[in-house]
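Work through the following exercises with the sequence and the coordinates open beside you. Each task is followed by a solution that goes step by step.

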Amino acid sequence: MSRYSRQELFAGIGPDGQRRLGASRVLVVGCGALGSALAETMVRAGVGAVTVVDRDFVEASNLQRQSLFEEEDARQGLPKAVAAEARLRRLNSEVEVRGLVADLSAENAAALVRGADLVLDGSDSFETRYLLNDVSVRASVPWVYGACVGAYGLALAVRPGLTPCLRCVMGDRPDAGSAPTCDTAGVVAPIVQVIAGVQGAEALKLLAGRAEALLGGLLTVDLWAGTFEVADLRGVAPSCPACTAGRFDYAAAAAGASAVLCGRDAVQLRAAPGTRVDLPALAARLRAVGEVVANDHLVRLRANGADLVVFGDGRAIVKGVRDAAQARSVYARYVGS
Ligand SMILES: [Zn+2]
């Protein structure tokens with residue numbers, strides 16, 4: 001019996017579907033709660049290659065719902081992509097697993113998406129999702145949107161050119177800070193499992209060549225109110241500027257953005273391409289200033305109310321600030337400009 005025998009016995013996949021899974025490449029964008037569950041599902045299912053891209057590092061407050069991570073990962077402050085890669089390799093050594101410590105940006109998104117047969121959304125911001133939507137539609141790579149906050153969640157499979165995309169369904173991108181996030185409204189693990197389960201099932205259908213079995217539209221679930229609904233989009237043609245006119249406004253706007261909000265009171269700063277930071281030297285210097293956590297991938301400093309993380313490529317996440325200017329000032333004070 002093969003390790004995938006239960007999937008091969010299932011009529012919706014079968015031996016032929018399993019062969020297709022094994023020949024597929026999947027990109028998981030974001031490795032928080034949804035991304036953890038999605039990457040684990042794909043790796044256990046025997047997808048040929050799984051790449052996980054994530055910009056953040058593991059913290060204790062992640063452990064309640066981000067199933068790939070353990071207390072030791074938080075203690076070491078490991079990048080999520082690094083911790084996830086190690087765990088995923090232990091789950092299935094047959095899968096080509098790659099963890100990429102990076103922010104999905106206009107600069108790297110096109111190559112990452114083009115190298116995949118399917119993209120799964122485990123991100124946590126409209127900025128990333130609308131960029132991902134533009135890039136996937138442009139490259140004609142299917143992707144599965146998913147989002148959770150509180151006990152509420154949504155999921156939608158997008159087949160570019162064939163079904164409505166995220167922008168077709170939701171309109172223009174909401175302004176940053178206009179919608180509740182897990183940082184402001186919290187989140188419970190069961191909604192993550194439900195939404196990641198639906199995204200994972202849509203992914204298996206697409207990869208196994210069973211697109212006819214996809215949900216008919218946008219799923220919304222509220223586990224506290226007890227509602228499960230699918231807005232029927234069958235027969236609805238793609239209608240947004242990206243789908244009909246090839247206008248990829250969000251990919252264009254994201255190019256060159258040097259600072260982005262990520263979560264509440266946090267700003268990510270990007271460094272110029274090619275930047276390298278001497279992390280051991282930086283850690284040694286900052287130890288005189290405050291509490292430092294350092295590993296092969298990043299240096300984190302907490303001092304005087306500042307919480308700053310610097311990655312080897314110069315990218316930084318500054319927490320406890322309200323805007324990019326304040327974030328740049330913290331970065332300049334401790335790292336240099
Ligand atoms: Zn569209």
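A disulfide is here a pair of cysteine sulfur atoms within 2.5 Å. The structure is a predicted model, in which local features need pLDDT of at least 70 and side-chain atom pairs count only at pLDDT 80 or more, while totals for chains, interfaces and linings use all residues. Residues are numbered from 1 along each chain as its sequence is written, and side-chain values use heavy atoms, with hydrogens and water left out.

**Exercise 1. Determine how many disulfides the whole structure holds, and examine Cys31 as a case.**

Step 1. Recall that a disulfide is a covalent bond between the sulfur atoms of two cysteines.

Step 2. Searching the whole structure gives zero disulfides.

Step 3. For Cys31, the closest cysteine sulfur belongs to Cys148 and lies 14 Å away, which is too far for a bond.

Step 4. Classify both residues by relative accessible area (buried under 20%, exposed over 50%, partly exposed in between, with a 1.4 Å probe and protein chains only). Cys31 is buried at 0%, and Cys148 is also buried, at 15%.

**Exercise 2. Identify the donors of the zinc ion and assign the geometry of its site.**

Step 1. Collect the donors, meaning N, O and S atoms within 2.8 Å of the metal (3.2 Å for Na, K and Ca); water is not among the atoms, so sites may look incomplete. The SG atoms of Cys165, Cys168, Cys240 and Cys243 coordinate the zinc ion at 2.2 to 2.3 Å.

Step 2. Check the angles: four donors count as tetrahedral if all angles lie between 85 and 135 degrees. Those among the four donor atoms of the zinc ion run from 103 to 114 degrees, and the site is therefore tetrahedral by that criterion. For four tetrahedral donors the ideal angle at a metal is 109.5 degrees.

Step 3. Read the spacing of the donors along the chain, which is C-x2-C-x71-C-x2-C. Cys165 and Cys243 link distant parts of the chain, 78 residues apart, with Cys165 in the loop between strand S6 (152-158) and helix H8 (166-170) and Cys243 in helix H11 (residues 241-245). Helices (H or I, at least four residues) and strands (E, at least two) are DSSP runs, numbered from the N terminus.

Step 4. Compare the accessibility of these two donors: Cys165 is buried at 1%, whereas Cys243 is partly exposed at 24%.

Step 5. Look at what surrounds Cys165, taking contact to mean heavy atoms within 4.5 Å. Asn133, which is placed in helix H7 (residues 126-139) and is buried at 1% relative accessibility, touches Cys165 as well as Trp143, Leu166 and Arg167, when residues up to four places away in sequence are not counted.

**Exercise 3. Describe the surroundings of Leu91 and Leu207.**

Step 1. Leu91 lies in helix H5 (residues 80-91) and counts as buried at 15% relative accessibility.

Step 2. Beyond four places in sequence, the contacts of Leu91 are Arg3, Glu40, Val43 and Arg44. Between Leu91 and Val43 the C-alpha distance is 7.3 Å, although 48 residues separate them in sequence.

Step 3. Leu207 belongs to helix H10 (residues 189-207) and is buried at 7%. Its contacts beyond four places in sequence include Arg20, Leu21, Met42 and Leu118.

Step 4. Leu207 and Leu223 are 16 residues apart in sequence, and their C-alpha atoms are 28 Å apart.

**Exercise 4. Locate Ser140 and Asn304, and state what their phi angles show.**

Step 1. Most residues other than glycine have a negative phi.

Step 2. Ser140, not a glycine, has a positive phi of about 55 degrees; this residue sits in the loop between H7 and strand S5 (143-149) and is exposed at 52%.

Step 3. Asn304 likewise has a positive phi, near 50 degrees; it is found in the loop between strand S12 (298-303) and strand S13 (306-311) and is exposed at 68%.

**Exercise 5. Characterise the chain as a whole.**

Step 1. The chain contains 14 helices and 14 strands.

Step 2. Its radius of gyration, taken over C-alpha atoms, is 20 Å, close to the 20 Å from the globule rule (2.2 Å times the number of residues to the power 0.38) for 337 residues, so the chain is as compact as a globular protein of that length.

Step 3. Of the 337 residues, 52% count as buried.

Step 4. Of contacts between residues at least 6 apart in sequence, 65% join residues at least 24 apart.

Technical notes. Four donors count as tetrahedral if all angles lie between 85 and 135 degrees; four count as square planar and six as octahedral if opposite donors are over 155 degrees apart and all others between 65 and 115; anything else is irregular.
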